[in-house]
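Here are my notes on the model you sent over. I've kept them as numbered points so you can check each one against the structure.

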Amino acid sequence: MNLDRCCIHTITTKPWGLPEAVENYAAAGVKGISVWQGATEGIGPHRAGEIIRKAGLEIVSYVRGGFFPHTSSAGRAQAIDHNKKLLEEAAALGAPMIVLVCGASPDQSMEKSRGQIREGIEAILPLAEKLNVKLAIEPLHPMYAADRSAINTLSQANDMAESFQSGFVGVAVDVYHLWWDANLEKEIARCGAHGNLFAYHVCDWKVNTIDLLNDRGLMGEGCIDLKKFVAG
């Protein structure tokens with residue numbers, strides 16, 4: 001199997017620490033790594049970047065920013081400050097992109113949360129451009145709509161990304177979150193046509209899913225027609 005274009009996220013090989021993950025990915029022939037923020041703790045983003053590059057791996061993204069919606073202005077301002085800090089860390093790491101789990105609040109409407117997500121991205125975009133770090137909006141499965149993301153379809157993510165008309169705002173497509181959508185093929189094509197397809201995450205949906213966060217399957221273990229979406 002050719003793994004030249006394959007990237008593994010450090011959160012998927014927890015509890016490996018970053019050095020162990022880097023060593024094992026490189027030994028397996030994987031060329032890319034996506035770094036969870038916690039993976040750099042005790043190392044620092046600059047040193048973590050050096051370790052990764054020395055092993056011959058490409059840093060694909062830093063995860064995760066977002067969580068912009070809050071019912072209080074203080075909460076929203078704090079979220080923006082945190083995302084700016086993440087952008088600085090991503091730049092120190094050498095990551096070209098931050099994946100955004102955009103956030104939601106159960107105490108306000110989805111529409112209001114989406115408006116606050118847009119305001120949050122707008123607030124951090126100038127720093128993202130300055131640091132040359134892209135922002136990838138990741139739509140999440142509706143099971144997370146209450147408190148993790150008010151962006152639940154690729155159509156919504158495409159609408160938001162296109163509204164910025166910036167090469168620094170795009171979309172991360174994760175089939176685990178979007179496979180159920182009848183419009184997925186069409187929206188993937190739309191995302192690509194606008195140059196907004198920044199990342200494509202693959203895994204599988206187990207039919208006997210119990211833990212909605214941790215029961216992801218490896219490709220082939222579940223019911224997602226992965227070949228269909230790749231072809232799309």
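1. Start with D174, which is buried, at a relative accessible area of 2%. This is a predicted model, so take the distances below as computed values. D174 pairs up with R216 in a salt bridge, and their closest N and O atoms sit 3.0 Å apart. D174 belongs to strand β6 (residues 169–174) and R216 to strand β9 (residues 216–217), so the bridge ties together parts that are 42 residues apart in sequence. The arginine end is less hidden: R216 has a relative accessible area of 33% and counts as partly exposed.

2. How many salt bridges does a search of the whole structure find? The count comes to eight. Beyond the D174 pair, have a look at R190, which forms a salt bridge with E162 at 2.8 Å between the closest N and O atoms. R190 sits in helix α7 (residues 184–193) while E162 sits in helix α5, so this pair ties together parts 28 residues apart in sequence. E162 is partly exposed, with 21% relative accessible area.

3. R190 has another partner, too. R190 also forms a salt bridge with E187, where the closest N and O atoms are 3.1 Å apart. Here both residues lie in helix α7, three residues apart, or about one turn of the helix. E187 counts as buried, since its relative accessibility is 7%. Salt bridges with shared partners join D159, E162, E187 and R190 into one network.

4. Next, H141. Which loop holds this histidine? H141 lies in the one between β5 (134–137) and α5 (154–164). Despite being in a loop, H141 counts as buried, because its relative accessibility is 15% and the cut-off for buried is under 20%. Leaving aside residues up to four places away in sequence, H141 touches N152, Y176, H177, W180 and W205.

5. On to the nonpolar interior. In soluble globular proteins, nonpolar side chains tend to be buried together. In this model the largest nonpolar core has 57 residues, and I33, I52, I121, L135 and I137 are the ones with the most contacts inside it. Helix α4 (residues 110–131) supplies the largest share of this core, six residues.

6. I52 is a handy residue to click on if you want to see that packing. Not counting residues up to four places away in sequence, I52 touches L18, V22, I33, V35, L57, I59 and L93. There is also a second, separate core of seven residues, among them V63, M97, F198 and A199.

7. Last, the cysteines. A disulfide is a covalent bond between the sulfur atoms of two cysteines. How many disulfides does the structure hold? Zero. C6 is in no disulfide, and the nearest cysteine sulfur, that of C7, is 7.0 Å away. C6 counts as partly exposed, at 30% relative accessibility.

8. C223 is in no disulfide either; its nearest cysteine sulfur belongs to C203, 11 Å away. C223 is partly exposed as well, with a relative accessible area of 36%.

Technical notes:
Residues numbered from 1 in each chain as written. Predicted model: local features only at pLDDT ≥ 70, side-chain atom pairs only at ≥ 80, totals over all residues. Heavy atoms only, no water. Core = buried A, V, L, I, M, F, W, Y, C linked by side-chain atoms within 4.5 Å. Buried < 20%, exposed > 50% of the residue type's maximum accessible area, 1.4 Å probe, protein only. Helix = DSSP H or I, 4+ residues; strand = E, 2+ residues; numbered from the N terminus. Contact = heavy atoms within 4.5 Å. Disulfide = S-S within 2.5 Å. Salt bridge = Lys/Arg side-chain N within 4 Å of Asp/Glu carboxyl O.
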